Amino acid sequence: MKAIEIKPGIYWVGVIDWDLRDFHGYKTPRGSTYNAYLIVDEKITLIDTCKLHLFDEMLARISDVVDPARIDVIVSNHVEMDHSGGLPRLLDIVPNATVITSMRGEKGLRAHYSADWGLHPVDTGDTFSIGKRTLSFVSIPMVHWPDSMVTYCPEEKILFSNDGFGQHIASTERFTDEMGMAVVMEEAAKYYANIVLPYGPQVQKAMAALSGIDIEMILNGHGLSWRQDLDVILGAYARWAANETVPKAVIIYDTMWHSTQKLAGALAEGLEVEGVSTFVGSLQATHISDIMTHVLEARGILLGSPTLNSHMLPSMAGAVTYLSGLKPRDRLGLAFGSYGWGNQGVRDLTAAIERLDWEMPVDSVAVQWRPTDDDLAAARRAGAEFARAIKEG
Ligand code: FEO
């Protein structure tokens, strides 16, 4: 395993998780990486580690540059175990290393590892000299956990951003310009939608804290890093954090005997007639974490379910729980579905939309048994009316 020199004296020594397909409920068909960086200075410094089961890969990459026993300083930007999992084994090798972490990181690392490590907690504005280079720290709570922080090296103009600006992509390429931007930005959007979306205000605070910093390179914790197109990813994060939406609709539904599916199709036709871009996500075909990529910027969200045992379908209940946890704000919602003898499915979805505090500019669409031609025509009209509300913003 080789290290990759990023700049003189700074190396990528992370790991590639080719097999990762699920990250706490988020499907990751392209795998991921857990990026760690080695800075060879008077104090040899490692920024972040990796998941425990891939520790030997990271150790081999470090060994390609220096004897790991020479590491003096470890920066733990984030407690989550995809970045800190390798710490216990590393500290077996370098028990006297200084471990720098945020104030909350100190508590988090002790709670997770029950270890009596000599932790060096830092707060925003604190600096630490490693020789010719300085590290400065900015706390960015909730991007992604309360403990999260970023590390900046002013001499190199590098931001080590951990979870921020990443994507779940496994690759031997290390920079976004080595891969098509369409793939990178699709995965960056999916990552934001599934990991960062609930924390827009905190992202805005983090972006404000970083705004005065001269950044030439962002070395993030997952996927490909940024040495070009920084304006693209920073601009996207600014838009997403501000909850900017576009006139687009996403239909999320499941169906039992195809009646709710027919209603989804009729609603999509109505949206199409009004020229509103629409993504139709059947939970039988598309995972909710992929649908979330479309929800990220969509102004209108339509939720559909038949009734099963006096509730919406369990698959929709799961999807709605996932969606609600990610808290997309200020959207327009519409509930729809078919039912046999009780309309609780659509009622459940309406209640979910109310809890999300979304406006419902159009009445829900509920049809008993099979939708007739008249029912489908009414659903098309509802879709068109909903599309006009989306376009009005
Ligand atoms: Fe990549 Fe929040 O861990």
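In which sense, parallel or antiparallel, do E12 and strand E13 pair, and over how many bridges? In this predicted model, E12 and strand E13, the latter spanning residues 134-139, run antiparallel to each other and are joined over three bridges. Within this part of the structure, Thr 127 is placed opposite Ser 136 of E13. Strands of a sheet pair through backbone hydrogen bonds, in either a parallel or an antiparallel sense.

The two strands belong to an open sheet of five strands, ordered E12-E13-E14-E15-E16, in which the pairing is mixed. The edges of this sheet are formed by strand E12 (127-129) and strand E16 (217-220), and because each has a single partner strand, one side of each is left without a neighbour in the sheet. On average, and with direction ignored, neighbouring strands of the sheet are turned by 25 degrees against each other.

As regards the overall architecture, the protein contains 12 helices and 23 strands. Its radius of gyration is 24 Å, which is close to the 21 Å given by the globule rule for 393 residues, so the protein is as compact as a globular protein of that length. Taken along the principal axes, the box filled by the C-alpha atoms has dimensions of roughly 75 × 40 × 35 Å. Of the 393 residues, 58% count as buried.

Charged contacts were examined next. Side chains of opposite charge can pair when their charged atoms come close. A search of the whole structure yields 18 salt bridges, among them one between Lys 27 and Asp 22, whose closest N and O atoms are 2.9 Å apart. Both partners of this bridge count as partly exposed, because the relative accessibility is 31% for Lys 27 and 36% for Asp 22.

A further salt bridge joins Arg 61 to Glu 57, with 2.8 Å between the closest N and O atoms. Because Arg 61 and Glu 57 are four residues apart in helix H1 (residues 55-63), about one helical turn separates them. Arg 61 and Glu 57 are both buried, whereas Lys 27 and Asp 22 are partly exposed.

The side chains of Arg 227 and Glu 178 also meet in a salt bridge, at an N to O distance of 4.0 Å. This pair links distant parts of the chain, 49 residues apart: Arg 227 is located in the loop between E16 and helix H7 (230-241), and Glu 178 in the loop between strand E15 (158-162) and helix H5 (181-196). With a relative accessible area of 37%, Arg 227 is partly exposed, and Glu 178, at 40% relative accessibility, likewise counts as partly exposed. In addition to these pairs, a network of salt bridges links Lys 7, Asp 41, Arg 133 and Glu 156.

Nonpolar side chains also contribute to the surface. Met 256, Trp 257 and Leu 308 together make a nonpolar surface patch of about 340 Å². Of these residues, Leu 308 lies in strand E20, which comprises residues 307-308. Leu 308 counts as partly exposed because its relative accessibility is 31%, a value that lies over the 30% required of residues in such a patch.

Definitions and conventions: Residues are numbered from 1 along each chain as its sequence is written. This is a predicted model: local features need pLDDT of at least 70, side-chain atom pairs count only at pLDDT 80 or more; totals for chains, interfaces and linings use all residues. Side-chain values use heavy atoms; hydrogens and water are left out. Patches are made of residues with over 30% relative accessible area and no salt bridge: like charges are joined within 9 Å, nonpolar side chains (Val, Leu, Ile, Met, Phe, Trp, Tyr) within 5 Å. Accessible areas come from the Shrake-Rupley method with a 1.4 Å probe; for residues, only the protein chains shown count as cover. Buried means under 20% relative accessible area, exposed over 50%, partly exposed in between (1.4 Å probe, protein chains only). Two strands pair if DSSP finds at least two bridges between them. Axes are lines fitted to C-alpha atoms, for helices over the stretch in contact, and angles run from 0 to 180 degrees between N-to-C directions. The radius of gyration is taken over C-alpha atoms; the globule rule is 2.2 Å times the number of residues to the power 0.38.
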